[in-house]
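Here is a brisk report on one protein chain. Please look over the sequence and the model before reading on.

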Amino acid sequence: MDTQEVLELFDKYVIANYGRVRKVIVKGEGNWLYDSEGNKILDMFPGWAVSGIGHCHPKVTSAIKSQAEQLLHIDNTFYTEQQGRLAELISKKSFGGKCFFCNSGAEANEAALKLARLATSKDKYKVITTLNSFHGRTFAAVSATGQPKHHKGFLPLLPGFKYVPFNDIQALEETFDDETAAILVEPIQGEGGINPATEEYMLKIRELCTAHGAVMILDEVQTGMGRTGQWFGYQHYGIEPDVITLAKALGGGVAIGAIAARSEVAASLVPGTHASTFGGNSLACAASIAVFEAIEEEGLLENAKKMGEYAAEKLEDMAERYSVIQAVRGKGLMIGIQFSAQCSELVNICLEKGLRINCTQGNVIRFMPSMTASKENIHEALKIFEQGLGEFIKDSEDAD
């Protein structure tokens with residue numbers, strides 16, 4: 001089928017609930033995408049952070065092929081080696097404990113919220129989350145999300161969620177009470193604009209949860225799996241949470257989500273309390289094991305750190321030359337570029353020049369390449385970005 005035929009299929013048969021770019025992608029390889037018109041695109045926001053080790057990493061595709069010939073799926077009535085091995089990897093790379101598997105970040109957050117209610121006393125039902133947070137699109141996850149724009153059309157939300165300003169310790173202390181079952185927070189707000197938590201804030205959350213028997217849940221759906229230069233975002237802060245939620249890069253392109261919980265907390269999740277039909281099936285777990293192996297064998301944690309520092313340095317230089325850039329922030333290869341004005345059009349300009357980036361909150365460019373990105377990839381991406389930026393500024397001035 002040609003491009004137009006595919007677009008017509010979508011227009012006629014697919015619900016239009018996404019703002020799609022009218023390009024048909026036919027191949028992904030490493031840090032590159034290829035469309036049906038023969039265009040090559042340097043992807044610095046691969047799969048909305050799903051393809052954390054690049055598109056179609058050979059180790060992942062090999063594991064998928066091999067596993068597909070043995071067993072695709074068996075229900076969780078039975079044991080599989082792949083699920084057990086993956087749980088061991090997550091546990092050993094984090095804080096120990098046990099895992100539950102599902103299919104997405106929203107599902108992982110749903111599981112963590114239910115677990116927090118089960119693991120605390122009956123008097124505790126409140127969950128504190130932060131303004132500007134994003135935790136998913138299911139009902140509990142969207143109720144946890146601290147952004148009114150995501151609540152529009154779905155009121156009333158599930159009760160019990162309390163939103164506080166991010167990194168505001170006083171607000172956190174004033175909101176926390178004996179009915180608080182959990183605090184759910186992202187180590188770095190992703191969709192909210194790449195806002196890193198301060199060390200002081202994370203320490204206070206840990207302190208409050210420990211003192212009052214609440215569950216500290218960290219949403220590591222974007223920060224997990226090495227993007228920040230550590231396996232998980234919390235490892236930058238010298239604390240250990242009670243639960244982390246994972247998805248996106250966990251499967252290297254295959255749908256999988258997970259929670260890891262301290263064993264004492266995890267013990268509350270018993271048969272009949274929660275489940276996921278597809279969660280942790282053999283194919284997804286085999287792909288995820290391959291992701292762990294690739295990160296270790298190719299030194300991708302160190303690469304994420306080095307490439308993140310290189311990109312941030314170049315972007316800081318750019319910020320000095322272009323006053324429209326107000327700040328560059330993040331950790332590793334999770335970088336936000338804050339603009340003084342709306343900048344979503346810059347994404348379109350760069351895409352036409354062969355670079356994929358993302359805009360969130362209207363004025364923050366998300367630059368989140370895969371951990372396999374080379375210095376040459378970053379250099380080329382920033383070269384195109386600056387060309388696009390020049391055009392964006394000129395267009396803005398002409399419009400004025």
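## A buried valine in β11

Val-243 is buried, because its relative accessible area is 1% and the cut-off for buried is under 20%. The residue sits in strand β11. This is a predicted model.

The contacts of Val-243 come from several stretches of the chain. Leaving out residues up to four places away in sequence, Val-243 touches Phe-95, Ala-112 and Leu-115. Val-215, Met-216, Ile-217 and Leu-218 also touch Val-243. So do Ile-259, Ala-260, Ala-261 and Val-265. Phe-339 is another matter: Val-243 and Phe-339 are 96 residues apart in sequence and 34 Å apart in space, C-alpha to C-alpha.

## Helix α4

Two of the contacts of Val-243, Ala-112 and Leu-115, are among the buried residues of α4. The others buried in this helix include Gly-105, Ala-106, Ala-108, Asn-109 and Glu-110. Ala-111, Leu-113 and Ala-116 are also buried.

Helix α4 covers residues 105-119, which is 15 residues. At 1.5 Å a residue the helix should span 21 Å, and its end C-alpha atoms are 21 Å apart, so the two values agree. At the start of α4, a side-chain oxygen of Ser-104 comes within 3.2 Å of the backbone nitrogen of Glu-107.

## The annotated lysine

Which residue does the record mark as modified? An unreviewed UniProt entry annotates Lys-248 as "modified residue: N6-(pyridoxal phosphate)lysine". Lys-248 lies in the loop between β11 (243-246) and β12 (257-261). Its phi is positive, about 40°, although Lys-248 is not a glycine.

Is Lys-248 buried or exposed? Neither label fits: at 24% relative accessibility, Lys-248 counts as partly exposed. Setting aside neighbours within four places in sequence, Lys-248 is in contact with Trp-48, Ala-49 and Val-50. Val-221, Gln-222 and Ile-256 are in contact with Lys-248 as well. The Lys-248 side chain reaches the backbone oxygen of Trp-48 at 3.0 Å.

## Cysteines

How many disulfides does the model contain? The count comes to zero. A disulfide is a covalent bond between the sulfur atoms of two cysteines. The cut-off here is a pair of cysteine sulfur atoms within 2.5 Å.

Take Cys-56. Its closest cysteine sulfur, in Cys-285, is 20 Å away, so the pair is too far apart for a bond. Cys-56 counts as exposed because its relative accessibility is 52%. Now take Cys-209. The closest cysteine sulfur to Cys-209 is in Cys-99, at 20 Å, which is also too far for a bond. Cys-209 is buried, with a relative accessible area of 1%.

## Backbone points to check

The peptide bond from Leu-155 to Pro-156 is cis, with omega near -5°. Pro-156 is in the loop between α6 (148-151) and β6 (161-164).

Asn-167 has a positive phi of about 65° although it is not a glycine. Its place is in the loop between β6 and α7 (169-175). Asn-167 counts as partly exposed because its relative accessibility is 26%.

## Domains

The protein chain is divided into domain 1 (1-36), domain 2 (58-298) and domain 3 (299-399). The C-alpha centres of domain 1 and domain 2 lie 31 Å apart.

Methods:
Residues are numbered from 1 along each chain as its sequence is written. This is a predicted model: local features need pLDDT of at least 70, side-chain atom pairs count only at pLDDT 80 or more; totals for chains, interfaces and linings use all residues. Side-chain values use heavy atoms; hydrogens and water are left out. UniProt positions are given in the numbering used here, feature names are shortened, and annotations may be inferred rather than shown by experiment. Helices (H or I, at least four residues) and strands (E, at least two) are DSSP runs, numbered from the N terminus. Buried means under 20% relative accessible area, exposed over 50%, partly exposed in between (1.4 Å probe, protein chains only). Contact means heavy atoms within 4.5 Å. A polar contact is a pair of N or O atoms within 3.5 Å; within protein, one must be able to donate a hydrogen and the other to accept it, and residues adjacent in sequence count only if both atoms are side-chain atoms. Domain bounds come from an automatic or database domain assignment. The expected span of a helix is 1.5 Å times one less than its number of residues.
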